[in-house]
Amino acid sequence: MSLTPVHFFSHGSTMMLGEESTSADYWKKCGDEALARNIKGVIIMGAHWDCLGDRIEVSTNPNPGKSPVAYVNPDKYVNYKLNPDLETTERCIQMLAKEGFNVGGNDKFDWIHDVYLILIRMFPGGCPPTVLVSANARYDPHFHLKMGSTLRPLRRENYLIIGTGGAVHNLYRNKWAPMVRFRDNFAMETPPEDWAMEFRQAVEDVITKTSGAQLRRAMTRLMKHPRFRDAHATDDHFMAALFVAGAAGDAEDEAAPAELGAESWELTNMCNSQFTLGQWPKQQIVV
C-alpha cells in the first residue's frame with residue numbers, strides 16, 4: 001500500500017504570506033503535486049494552537065474565521081474560503097481517543113496564519129478538505145510523536161499530513177529593525193549568528209540522514225541539543241516537527257527519502273526550512 005509524503009514547513013513570520021520567496025514557490029510545488037495525485041484532504045498541525053493539561057483538540061468549527069495577519073494586506077487572505085473536513089475530523093478524534101488521548105472537538109476555534117498561510121500558498125485555487133489538530137501546551141516531544149503516529153494510517157488513504165512550525169524560531173533574538181522601519185523581513189545586514197546556523201544544520205541532518213524509528217529518536221534528542229534553547233525560546237514551534245516525525249517515522253518508513261526543498265532566512269536569525277519526508281509513489285504511464 002502506497003503512502004503519501006509528509007511535510008514539515010517552517011512558516012516564518014506573518015509577512016511570508018505577502019512576500020514572494022523560494023519557500024512560497026516550494027509550497028506551491030508541493031500543493032500542485034498533491035492535487036495531481038488527487039489527495040482526499042490535508043491533516044495539519046500548526047504552532048499557535050495548544051491546549052492545557054493533557055488535552056488536545058481538533059477543530060470542529062464548520063465556518064472558521066481567520067485571525068488577522070500583521071503587516072499583510074487583507075486582500076491576500078480574507079477572501080480565501082477555508083474548507084474544514086468535519087467527517088474526517090471526527091475520524092481523527094476517534095483514532096486519537098482510541099490511543100488514550102484526552103481529545104475532543106472545538107467548534108469555536110478560528111484558524112491562525114500558521115495554517116492558512118500554508119494552505120493559501122499550496123492551494124491558491126481552493127482549499128482542500130482540511131483537518132486542523134492542536135498541539136499540547138506541555139510540549140512533550142514523545143506525546144506529539146505519538147499523535148503523528150496515531151494519525152499516520154491516513155497516509156494510506158491519500159491524505160497529506162503537514163506540520164507547520166519553525167526550524168529556528170526565537171523571536172527574542174531576531175533583528176527587527178529592517179522590518180519595523182522598511183517592512184523588509186528578508187533583509188540580511190549581517191549573516192545569521194552561529195547558534196542559528198548550528199541548530200539549523202542539526203535539523204537538516206536529522207531529517208535528511210535518518211529515517212524510521214531512528215528519525216523519531218533523533219528528533220526528540222534535538223530538544224536536548226546545546227543550541228536548542230537559543231534557537232527556540234519557547235517550544236511551541238518545534239512540536240509540529242515531532243508530529244511529522246511520528247507520522248513519517250514508522251518501521252515501514254525505513255530508508256524513505258527526505259529533502260530540504262527550500263529555505264528562507266528572515267529577520268537575520270529566523271530560518272524557515274521546508275522539508276518533505278517520503279515521496280509520491282511512481283505512477284505507471286499508460287500510452
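Visitor: Which residues of helix 1 meet helix 3?

Guide: Keep in mind that this is a predicted model. To read a helix pair, look for the side that each helix turns to its partner. Here A24, W27, K28, C30, G31 and D32 come from helix 1, and they meet L117, I118, R121 and M122 of helix 3. Sorted by type, the residues of this contact are six nonpolar, one polar and three charged.

Visitor: And at what angle do the axes of helix 1 and helix 3 cross?

Guide: Roughly 70°, with the axes of helix 1 (residues 22–36) and helix 3 coming within 7 Å. Helix 1 is therefore roughly perpendicular to helix 3, as angles of 65 to 115 degrees carry that label.

Visitor: How do the axes of helix 4 and helix 9 cross?

Guide: Read the pair in the same steps: axes, then handedness, then residues. The axes of helix 4 (residues 141–151) and helix 9 (residues 239–248) cross at roughly 45° and come within 6 Å. That angle is why helix 4 counts as oblique to helix 9. The crossing of helix 4 past helix 9 is right-handed.

Visitor: Which residues of helix 4 and helix 9 meet there?

Guide: On the helix 4 side you'll find P141, H144, L145, M147, G148, S149 and L151, and they meet M239, L242, F243, A245, G246 and A247 of helix 9. No charged residues turn up in the contact of helix 4 with helix 9; the split is nine nonpolar and four polar.

Visitor: Let's turn to empty space. How many cavities of 30 Å³ or more does the structure hold?

Guide: Two. For each cavity, ask about its volume, then its lining, then the elements behind that lining. The largest cavity has a volume of about 50 Å³. Its lining is made up of G46, H48, W49, F109, I112, D114, V115, L132, V133 and S134. Strand 2 (41–51), helix 3 (113–122) and strand 5 (130–136) are the elements giving two or more residues to that lining. So helix 3, which you met as the partner of helix 1, turns up again here. By type, the lining of the largest cavity has six nonpolar residues, three polar and one charged.

Visitor: What lines the second largest cavity?

Guide: F8, I207, L215, M219, A241, V244, A245 and L277 do, around a space of about 30 Å³. Helix 7 (212–221) and helix 9 each give two or more residues to this lining, and helix 9 gives the most, with three. A245 of helix 9 also sits in the contact with helix 4.

Visitor: Into which types do the residues lining the second largest cavity divide?

Guide: Eight are nonpolar, with no polar and no charged residues.

Terms used: Residues numbered from 1 in each chain as written. Predicted model: local features only at pLDDT ≥ 70, side-chain atom pairs only at ≥ 80, totals over all residues. Heavy atoms only, no water. Axes fitted to C-alpha atoms, helices over the stretch in contact; angles between N-to-C directions. Helix = DSSP H or I, 4+ residues; strand = E, 2+ residues; numbered from the N terminus. Parallel < 35°, antiparallel > 145°, perpendicular 65-115°, else oblique. Left-handed = near helix turned anticlockwise from the far one by under 90°. Contact = heavy atoms within 4.5 Å. Nonpolar A, V, L, I, M, F, W, Y, C, P; charged D, E, K, R; others polar. 1 Å grid on protein atoms, 1.4 Å probe; cavity = no way out; pocket = protein on both sides within 12 Å on 5 of 7 lines; lining within 4 Å. Points joined across faces, edges and corners; volume = space filled by probe spheres on them.
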